[in-house]
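Trainee: I've got the coordinates loaded and want to know what backs up the labels people put on them. Can we go through it together?

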Amino acid sequence: MLARTAANLYWIGRYMERAEFTTRLIEATIRLDSLSPHTLSSQTWRSALAVVGGDATADVGSDFTASRARTYLTVDQGNANSIKCCVSLARDNAKGARNRLTQEVWEAINRTWTTLRDRSNPGGIQGTVALLEEIKAEARGFEGALQHMLRTEANWFMRLGTMIERADNTARLLDVKYYLLLPEGQEVGGPLDRDQWMTLLHVVSGQGAYRLLYKQAIQPWLVADLLVYRRELPRSLVSSAARSAALLARIGNVSGRQGEADRLARRRLDRIEANDIDGLIQRGMHEVLQQFIDENAELDRAIARQFRFP
Amino acid sequence: MPRSRPFDELWGLELAGSPREGFETLARWLEDTPGAELARRQQSAEAAFRSLGITFAVYGDDQAAERIIPFDILPRIFSAREWERLTAGLEQRVRAINAFIDDIYGARKIIADGVVPADIVLANSQFCAPVAGAKPPHGIYAHICGIDLVRTGADEFFVLEDNARTPSGVSYMLENREAMLRLCPELFELLPVQPVDAYPELLRDTLYSVSPSQSREPIAVLLTPGHYNSAFYEHSFLADKMGIELVEGQDLEVDDDIVWMRTIEGRVRVDVIYRRIDDAFLDPLIFRADSVLGMPGLLAAYLAGNVALVNAPGTGIADDKAIYSYMPEIVRYYSGEESKLQNVETWRCREPDALKYTLERLDQLVVKLVDGSGGYGMLVGPTATKKQIEDFRAALIAEPHRYIAQPTLALSTVPTFTEQGIAPRHVDFRPFVLTGASSVTIVPGGLTRVALREGSLVVNSSQGGGTKDSFVLDGVQDG
């Protein structure tokens, strides 16, 4: 396979996943916003922007409103991480790798783009929610189309991109909640704190999983346990790490290329598996998650080198 | 020129009479199939194209993301005898084209012998000086030619243009057939239609046959300008069908005059490049320095004999319209025979008498840019407005050497599905001629373009043209 094609496929996976994650993040934030006291609205949206990272908060600027933040995250062309920009970039990459995609996969990406193409404003709360629902439906179409693809390198590179992106997103989400969320004057374990943890579960579609696995009221360390260590949750860090390592191994079997990326991926998986939530809390959640995010970025660079991405 | 009824390929010269000999079956099918049924099938043609995954994506334009060129379900048919005559003429012409190009970039005997004037070749914008002296494998330059033909009578075929650079449209030939098999399956039981689906394989064989290295399994790639190109769909389609990589310039590198492609497994040596980018963009070191589509050093690798380019650079000289006017002489010079396919009578406006003749009859003639294509830069006198004619007159007087003039031909018609029912519409035809190391091959079929507007002679898709399937019947049980 051409190195450029592999890079195109990998980035389709990353951008589509990023778009879906941001969709869920906005959805959950709208929910949290409506549960929280009105005075905390801007605080709630600032934390969503912090998850997205980069200069998001600065970009949105001083005249900060919830509506401005929603626009910024959904359709702002100036925000390279807005859903619209991610889907547009995914589609550009799909065009470059068109002959490696099934008609279904291409159409799923193209349809997602069509829902966003002419939007420069997500509308009010209702409008935004409707738009997010549409995008989620299209994202499920993309997932489904991937399932039906032949299991060859094309599929594996897209999924590898998905897994690397997913690991980054989940780690950021957890880190932001842990590190900076609770506004002053709000009590740990109070209603807002509880709502925030629920929101976080919502973003990774983990409410059901939480109830099923722990059978008790929301406890921060159990949410962290779920998001980091539980294989049952597809969006957990251990799941993403395990899938990344497995996909690299498969690609290696076919292409004959194994190297630094494989080593990094396996080492990361081994370390997560050798640890548990108690150890994590002891070493400091923020430090561990920051390290994970850095290593994920390093793995991304190693993949690009190993497969000679242009 | 007096305008009589044009020749119809099904009905001959009498639209209401009996069909031409050998075409009775199709006429009966047309008669027996209820109009509503045909209408239903015509309407589902677009859906069939979409569900087959055949969409001609115009990627550059977000609004018109996927467009389908109108397809007409009534086929155009060639009898075995007609096809045999056509292919003999096509093979003769393409062999002459290759001999001519080889001569022009080599010994230039045809110029020395005074058959073609030196300036029309050497001062031609299509003449590619950097490849003079090149020795492409087997002396083949134009491996893939699309020869545009028109017809005015039962036995009158004319060559309108020789496309010897990177002719496109072959994907329509293949996909129109797929659509017909789905939409009108009974026609293939009624008529012994020769299949066209071997084309991608024959093309791949052609590519492999000209590989400079015959000692190892050749690696061939298709070089595309990328997905913004309007023919990208065809590039991707053909690469897919041939099972070869679809590459862009950035996927290739030249090292010590050897071409490599960058894959996830490492560098892989490339032997044959089926390039779908124009000469001007192939190699920024030699041609356009601002080109990012090709790759630096490609031409040196080609001249060193380490890679075959299909078609070879420099073939544009053979599809220039000024050269076209010499084709009968060129064919005679290299084959020693009279040309089996006729040229359309052509006035070269660079010659004062021809210019005078043309200017006096602008309302009757077709005037074309010598290096134009796609129906642009063209005046169709009989259907042009006064203003268009006067604008063209000015352009012609300013730069006469850039134009040729031809009579307006009464192009043949084929029954076509229109909003007013089945009606005759003008067509042309582009068969694809493959020249490999040991043979010239012509798949029995091609691209029939049809001018969907009543009376229109312009078949280009950019100007209201559509396409039809082209049936070539097997000889054993004609008709």
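**Chain B, label by label**

Mentor: Let's start with burial: buried residues make up 46% of the 479 residues in chain B. Keep in mind that this is a predicted model.

Trainee: What makes a residue count as buried here?

Mentor: A residue is buried if 20 or more other C-beta atoms lie within 10 Å of its own. In chain B, 46% of the residues pass that test.

Trainee: How do you know whether the radius of gyration of chain B agrees with a compact globule?

Mentor: For 479 residues the globule rule gives a value near 23 Å, and chain B has 23 Å, so the two agree. Along the principal axes, the C-alpha atoms of chain B fill a box of roughly 65 × 55 × 50 Å. As for contacts in chain B with a separation of 6 or more, 68% of them link residues 24 or more positions apart.

Trainee: What does the secondary structure of chain B come to?

Mentor: 16 helices and 23 strands.

Trainee: Which residues touch the most other members of the largest nonpolar core?

Mentor: Ala6(A) and Val221(B), in a core of 211 residues. Helix 1 (residues 3-35) of chain A gives the most to this core, namely 16 residues.

Trainee: What makes two residues a contact, and which ones does Ala6(A) have beyond its neighbours within four places in sequence?

Mentor: Their C-beta atoms must lie within 7 Å. By that test Ala6(A) is in contact with Met1(A), Phe157(A), Phe307(A), Phe309(A) and, over in chain B, Ile264(B). There's also a second, separate core of nine residues, with Ile73(B), Leu74(B), Met180(B) and Phe417(B) among them.

Trainee: How many residues of chain B are in contact with chain A?

Mentor: 18 residues of chain B are in contact with 18 residues of chain A. On the chain B side, helix 9 (232-242), strand 7 (245-247) and strand 9 (258-263) each supply at least two residues. By class, that side has seven nonpolar, five polar and six charged residues.

Trainee: Strand 9 is also in a sheet. Why are strand 8 and strand 10 of chain B called edges?

Mentor: The open sheet runs in the order 8-9-10 (chain B), with antiparallel pairing. Strand 8 (252-255) and strand 10 (266-269) each have a single partner strand, so one side of each is left without a neighbour in the sheet. The twist averages 40° from one strand to the next.

Trainee: How do you know that strand 9 and strand 10 of chain B pair?

Mentor: Pairing takes at least two bridges, and strand 9 and strand 10 of chain B have four, in the antiparallel sense. Arg262(B) is bridged to Arg267(B), and Trp260(B) to Arg269(B). The two strands form a hairpin with two residues between them.

Trainee: And strand 7 of chain B: what makes it an edge strand?

Mentor: Strand 7 pairs on one side only, as does strand 12 (308-310) of chain B. They belong to an open sheet of four strands in the order 7-6-11-12 (chain B), where the pairing is parallel. Here the twist averages 30° from one strand to the next.

Trainee: How many bridges join strand 6 and strand 7 of chain B?

Mentor: Three, in the parallel sense, with strand 6 covering residues 220-223. Given a cut-off of at least two bridges, that counts as pairing. In strand 7 of chain B, Leu246(B) is the bridge partner of Leu222(B). Helix 9 of chain B packs on this sheet, touching strand 6 and strand 7, and its direction makes about 150° with that of strand 7.

Key: Residues numbered from 1 in each chain as written. Chains lettered and ligands numbered in written order. Predicted model: local features only at pLDDT ≥ 70, side-chain atom pairs only at ≥ 80, totals over all residues. Rg over C-alpha atoms; globule rule 2.2 N^0.38 Å. Buried ≥ 20, exposed ≤ 12 C-beta atoms within 10 Å, placed from the backbone. Core = buried A, V, L, I, M, F, W, Y, C linked by C-beta atoms within 7 Å. Nonpolar A, V, L, I, M, F, W, Y, C, P; charged D, E, K, R; others polar. Axes fitted to C-alpha atoms, helices over the stretch in contact; angles between N-to-C directions.
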